[in-house]
Amino acid sequence: MLLKSLGLFIFAITFCGCGDFSSERGGLKGIEEGLTGPSHEEIAAAIPIIDLHADTVLYLASSNPASISSSKLEAGLVNLQKGRYGAQVYVAWVAPEYRPTGFKRANALIDTLQKVVGGNPSTMAISKNAKEIEQRFGEKKISAILGIEGGEAIHEDLNNLDYFYNRGVRYMTLTWNSHNAIADASQDSEMPWNGLSPFGEKVIKRMNELGMLVDISHTSDATVEDVVTISQDPIIASHSNSFTLCDHPRNLRDDLIKKICERGGVIGVNFNTGFLVTGASSTTVKNLANHIDKIVQLGSIECPALGSDFDGSIRPPQDLSNASQLSNLTKELVKRGYSAADIEKIYGRNILRILKLVVGE
Ligand SMILES: [Zn+2]
């Protein structure tokens, strides 16, 4: 739990759904009318449940590594299996102390993940696109998808972006908490670029060419505006919430949520209490569902996804303390009137859609 805090202080809306949200999904209409909804098991059988962001690799790579099968890992194999997940994005995070050696550090974390996944061939596999995720889902294996958190990993060299793509990395979060050569970050006192840097614009262009998802979580508002304008592909916020509901700089303003969703992007809701309710000491899945409601209201049902941030030193909701308890969120969404088709989109189909569009088959 402490690894990440150590030493830091730190398609357009052609789909209907948003306009009639309040009448179809608002409040407790489902319960009031005595309607029953889908079970978590039914959702998990219909689609691979996918989460866009976990820091689990940090624990696997520490000097006293945890086993991927340890139930102490919030998004480890055991808890993912209990929660009926189909895929998890595991990020290689370039922590501040590794900035000068970010390329080496990201590679070391990817090496670790590949070794761990390779050691569990009957239950896990690295997947690089939607087709592979769906194939592994059919084989009852959990896909590990590679992401990089922190553009310091490419050391201001586009060739390194190509290198990581060839290693299987399918998204890169442009910054962590401080600005870098690519862009400004949301929790930084200095914002030298006022958004993306000139090099950052080249990075977006190359990511579009490669078919690598651009992740704007952690970046500044001006960076998000630049990226949604410049990127030819829809983008993701892998683990971010609504600023209107919780005014933390890590969260997204309404207008930015609208822009990301309007352009076919996907926003993974972050399970961290600090990003769910301002000043709260604890939260529940109700608070998390409020952020999903907000993203649907501002965008559409095509936009929200899961982006837990598990194993990233977070304080998760009391009733969603690790991946094994995802069914509690499902029950809450059913109570709010979300249909099976809606929950399937939030839990997997939206991510599969953007992967197919940006990464390809
Ligand atoms: Zn993060």
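# Briefing: helix α14, its partner α13 and the nonpolar core

Helix α14 is followed by G337, a residue whose phi is positive, near 95 degrees. The model discussed here is a predicted one. The points below concern the packing of α14 against α13, the largest nonpolar core, and two buried positions, I267 and G264.

**Helix α14**

- Helix α14 is mostly covered, since seven of its ten residues are buried.
- The buried residues of α14 are L326, N328, L329, T330, E332, L333 and V334.

**Packing of α13 and α14**

- Helix α13 spans residues 285-298 and helix α14 spans residues 326-335; they pack at an angle of about 60 degrees, and their axes are 9 Å apart.
- Because of that angle, α13 is oblique to α14.
- The two helices, α13 and α14, make a right-handed crossing.
- On the α13 side the contact involves V285, K286, L288 and A289, and on the α14 side it involves N328, L329, E332 and L333.
- Sorted by character, the residues of this contact between α13 and α14 comprise five nonpolar, one polar and two charged.
- In an α-helix there are 3.6 residues a turn, so residues three or four places apart point the same way.

**The largest nonpolar core**

- This core contains 110 residues, and those with the most contacts inside it are L113, I267 and L288.
- Helix α15, residues 340-359, gives the most to the core, contributing nine residues.
- L288 has a part in two of these topics: it is one of the α13 residues that meet α14, and it is among the residues with the most contacts inside the core.
- When neighbours within four places in sequence are left aside, L113 is in contact with V57, L60, Y90, A144 and L146.

**I267 in strand β8**

- I267 lies in strand β8, which covers residues 266-269.
- I267 counts as buried because it has 32 C-beta neighbours inside 10 Å, where the cut-off for a buried residue is 20 or more.
- Apart from neighbours within four places in sequence, I267 is in contact with A237, S240, I257, I260, I295, C303, P304 and A305.
- One of these contacts, S240, is 27 residues from I267 along the chain, yet their C-alpha atoms are separated by 6.8 Å.

**G264 in the loop before β8**

- G264 is found in the loop between α11, residues 254-262, and β8.
- G264 has 22 C-beta neighbours inside 10 Å and therefore counts as buried.
- G264 and D233 are 31 residues apart along the chain, and their C-alpha atoms are separated by 8.4 Å.

Technical notes: Residues numbered from 1 in each chain as written. Predicted model: local features only at pLDDT ≥ 70, side-chain atom pairs only at ≥ 80, totals over all residues. Axes fitted to C-alpha atoms, helices over the stretch in contact; angles between N-to-C directions. Helix = DSSP H or I, 4+ residues; strand = E, 2+ residues; numbered from the N terminus. Parallel < 35°, antiparallel > 145°, perpendicular 65-115°, else oblique. Left-handed = near helix turned anticlockwise from the far one by under 90°. Contact = placed C-beta atoms within 7 Å. Nonpolar A, V, L, I, M, F, W, Y, C, P; charged D, E, K, R; others polar. Core = buried A, V, L, I, M, F, W, Y, C linked by C-beta atoms within 7 Å. Buried ≥ 20, exposed ≤ 12 C-beta atoms within 10 Å, placed from the backbone.
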